[in-house]
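Colleague: Hi, I'm new to this one. Could you walk me through it?

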Amino acid sequence: MITEKDFVFTTITNAIEKGNFQWSAPSNIALVKYWGKKDQQIPANPSISFTLNNCKTITKLAFAKKHFDKLSVTNNRFSFDLLFEGKPKEDFKPKIQKFFERIEKYCPFLRDYHFTIDTENTFPHSSGIASSASGMAALAMNIMSLEKALSRNFGTEMTEDFFYQKASFLARLGSGSACRSVKGSVVVWGNHAEIEGSSDLFGVEFPAKIHENFKNYQDTILLVDKGEKQVSSTVGHDLMHNHPFAEQRFAQAHDNLAKIKIVLETGNLDEFIKIVESEALTLHAMMMTSLPYFILMKPNTLEIINTIWRFRNETNIPVCFTLDAGANVHILYPENVREHVLQLIKGELVGYCQNGNYICDSIGTGAIQIL
Ligand code: DP6
């Protein structure tokens with residue numbers, strides 16, 4: 001079994017003076033949700049997600065070796081500048097600092113360089129779409145490119161499997177769901193008895209063949225509320241400790257993952273809808289039943305859900321919704337009903353979106369190297 005130790009970088013090298021890499025990494029939408037975690041970003045239950053295609057973060061990592069005299073203490077710290085859309089962004093720095101601290105053990109070479117991290121999202125700023133998954137995944141990819149180059153310099157060729165596995169491992173330490181944004185269209189994170197190779201440490205590609213029905217599956221994100229969330233995911237996860245329903249919930253996630261595995265193989269869309277909608281509502285039920293309790297849905301979130309249910313009853317079109325930790329609604333549907341669903345969105349649902357905003361996305365394949 002793979003353990004944390006396998007990801008510790010031991011090669012003594014810092015022979016590369018400077019350079020840069022650039023990666024894009026997508027967002028993802030969970031079908032079975034991750035909600036609750038243990039120490040070191042270990043999930044309380046396994047989760048599974050569709051990787052998105054259009055909503056992504058593009059991050060360039062420029063690195064230059066630090067030259068310091070041995071007396072200097074400051075040089076032993078992480079040293080980086082952070083640019084968002086080309087401009088310095090101080091508010092993002094603490095998150096990156098914390099990420100570096102968490103992964104230092106696995107990538108000690110981070111202290112040898114000064115970094116300029118230049119990042120941007122393809123989706124609008126403050127759209128209420130979490131950028132932590134795509135952002136942390138994009139940064140992890142760049143760090144792995146550097147590690148790969150350092151290894152090569154030392155005469156060791158890193159395998160592709162290790163590259164992606166460790167990238168997902170690092171991304172997880174930045175933000176749990178980020179480990180599902182590295183590689184593959186459908187990704188499982190967390191130990192599950194029926195998913196071969198699944199691990200709490202990193203995401204793995206869904207190991208079986210996926211039914212045609214899910215090919216190019218669509219996700220239209222209705223932007224109901226673009227404001228800052230009142231409760232962060234981190235706080236929400238924390239409230240699953242001592243939550244009265246925690247154990248049942250974690251057991252249910254294992255069950256739902258076993259069920260959705262069959263659904264993804266057989267293409268049973270009715271079952272898919274049941275599992276996905278139930279997972280979304282359970283996620284929010286956990287929030288409503290924690291102490292302190294909170295509600296992230298807005299009135300328009302419920303309007304949208306009810307409209308989708310009415311439309312589905314009337315037309316039998318297999319469209320369903322899911323929710324993240326926020327008020328926005330992801331509408332999931334097969335490609336062959338796209339026109340009908342877009343008509344519903346443009347004709348009716350757009351009225352429930354803030355400033356009429358929504359984003360059309362579909363299943364993607366994972367991170368892509370640009371430079
Ligand atoms: C509701 O991955 O954002 O989107 O690990 O604290 O960074 P941290 O949490 P995060 O949690 C996402 C939770 C979710 C469900 C999911 O994506 O599985």
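Modeller: Sure, one definition to start: the expected span of a helix is 1.5 Å times one less than its number of residues. Helices (H or I, at least four residues) and strands (E, at least two) are DSSP runs, numbered from the N terminus. This is a predicted model, where local features need pLDDT of at least 70, side-chain atom pairs count only at pLDDT 80 or more, and totals for chains, interfaces and linings use all residues. Residues are numbered from 1 along each chain as its sequence is written, and side-chain values use heavy atoms, with hydrogens and water left out.

Colleague: OK, what span should helix H6 have at 1.5 Å a residue?

Modeller: H6 covers residues 269-288, so its 20 residues should span 28 Å, and the end C-alpha atoms are indeed 28 Å apart.

Colleague: And what happens at the start of H6?

Modeller: There, a side-chain oxygen of Asn268 comes within 3.2 Å of the backbone nitrogen of Asp270. That is a polar contact (a pair of N or O atoms within 3.5 Å; within protein, one must be able to donate a hydrogen and the other to accept it, and residues adjacent in sequence count only if both atoms are side-chain atoms).

Colleague: Switching topic, which domains does the chain have?

Modeller: Domain 1 (4-207) and domain 2 (217-362), with bounds from an automatic or database domain assignment. Their C-alpha centres lie 27 Å apart. In contact terms (heavy atoms within 4.5 Å), 33 residues of domain 1 touch 42 residues of domain 2.

Colleague: Which domains does the shell around the ligand draw on?

Modeller: Domain 1 and domain 2 each give at least three residues. Helix H4 (residues 233-238) gives the most, with three residues.

Colleague: Which residues come nearest to the ligand?

Modeller: Of the 17 around the ligand, Tyr34, Lys37, Ser175, Gly176 and Ser177 do; to count as near, a residue needs a heavy atom within 4 Å.

Colleague: Which side chains have an N or O atom 2.7 Å or 3.3 Å from a ligand oxygen?

Modeller: Ser177 at 2.7 Å and Gln41 at 3.3 Å. A polar side-chain atom of Asp324 is also 3.3 Å from a ligand oxygen.

Colleague: Any odd backbone spots?

Modeller: Leu291 and Pro292 are joined by a cis peptide bond, omega about -5°, and Pro292 sits in the loop between H6 and helix H7 (299-315).
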